[in-house]
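Biologist: Please take a close look at one part of this model, the site of the ligand. I would be grateful for an account that a first-year student can follow.

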Amino acid sequence: MCDSVSHFTFIPPLHAIFPSLRDMLTVEARAMDETLFEHPGRWWHALDDGRVQCDLCPRFCRLKEGQRGFCFVRQCQGGAMILTTYGRSSGFCIDPIEKKPLNHFLPGSAVLSFGTAGCNLGCRFCQNWDISKAREIDKLASLASPEAIAAAAADHGCRSVAFTYNDPVIFAEYALDTAAACRARGIRSVAVTAGYIGETARAEFYAGMDAANVDLKGFTEGFYKNLCFAQLAPILETLEYLKKETSVWFEITTLLIPGQNDSDDELHKLAEWVAEHLGPDVPLHFTAFHPDFKMLETPHTPPATLTRARAIALAKGLHFVYTGNVHDRDGGSTWCPGCGGLLIERDWYELGIYNIKDGRCAKCGHAIAGHFENTRQDWGARRVPVRIV
Ligand code: SF4
């Protein structure tokens, strides 16, 4: 639990913080902006001392009038909690679903992706820090209602919408309204998240999602404390909750950072925990770090580290372990746990051979965990920006 951070105490109007954003808006958008941006927040309660406590994530920020929480986007106004980024996004792109990464959820399909600003973790290695740190929002902001996003996804042939780039937990009201609009059109919703969410919000949030990729950033409390300003235990609770209490399809990603979370010992423990608590069929992705944000002196992850991590996790009995952010056909492809045959061939985000029929290996009939169709989609590796009006 944290009291609000002192440097967020004075909160000027949004357009005073981001004057260029105001200039960018159309007349219609300006009329919309007050209602879209500032939205009643949920998952909070009033305290006896006049502050409000946010119950959305395990930071449980306690805020005085005008203060913002650690995530920057939730604020105490008029004795209540508001979300200040409802309807405002960092921009929209159509990506391959494999980029989330999800390798067992409608392979080869296009996903309309967007994020907002801010984050409830403080990762020193953040690979999206220009979005998660709100100072750049004036360069990135665009406006879109949930219905407009769902309509755009349908118009562009996207099978799903992904809340990504920054953590959707902090804009949960916007994500859930968008997910509901998508569901009404038969479009799925995907959360790309650190899984750092409070117990009361967790059920409601995941009830709106069809799939998730959850970052398991390391496997020690020290890693989370020192490099993420967060805790490991709530994330493990989220993963167990997803497995035991929901039908949400989820995969796990661990970004391997040289010297920080890539020791044999830590990888053994991580893989053992996944096998024991989640079972062998939850896909695990080991991805490569590049120097970024506060860790510019840390080297890139060598491909051999990813291969070593994958071998350790496979030896623990996990069925689907992937390497990511590298060209590695063996590590990027899906192999049948029954006969060892190639199910889905991948080179980064490009798909080749596809041997799944009726959710089973086309060769031996072994059931493959995930959401598969009899033919794969062919969006490929393209990344296409989309403007939503
Ligand atoms: S969601 Fe934001 S305001 Fe709420 S507890 Fe987490 S960091 Fe604090």
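**The ligand and its cavity**

Modeller: The ligand takes up the space of the largest cavity (more than half of its atoms lie within 2 Å of the grid points; a cavity is a set of points, on a 1 Å grid over the protein atoms alone, where a 1.4 Å probe fits but cannot get out). The model is predicted, and local features need pLDDT of at least 70, side-chain atom pairs 80 or more, while totals for chains, interfaces and linings use all residues. Residues are numbered from 1 along each chain, and side-chain values use heavy atoms, without hydrogens and water.

The structure holds 1 cavity of 30 Å³ or more. The volume of the largest cavity, the space filled by probe spheres set on its points, is about 110 Å³. Its lining (residues with an atom within 4 Å of a point) consists of 14 residues, of which Cys54, Cys57, Cys61, Cys71 and Arg74 are the closest to the centre. By class, the lining comprises 10 nonpolar, 2 polar and 2 charged residues.

Around the ligand itself (a heavy atom within 4 Å) stand Cys54, Leu56, Cys57, Arg59, Phe60, Cys61, Gly69, Phe70, Cys71, Arg74 and Asn120. This shell divides into 7 nonpolar, 2 polar and 2 charged residues. Cysteine, leucine and phenylalanine count as nonpolar, arginine as charged, and glycine and asparagine as polar. The nonpolar members of the shell are therefore Cys54, Leu56, Cys57, Phe60, Cys61, Phe70 and Cys71. Arg59 and Arg74 are its charged members, and Gly69 and Asn120 its polar ones.

Definitions and conventions. 1 Å grid on protein atoms, 1.4 Å probe; cavity = no way out; pocket = protein on both sides within 12 Å on 5 of 7 lines; lining within 4 Å.
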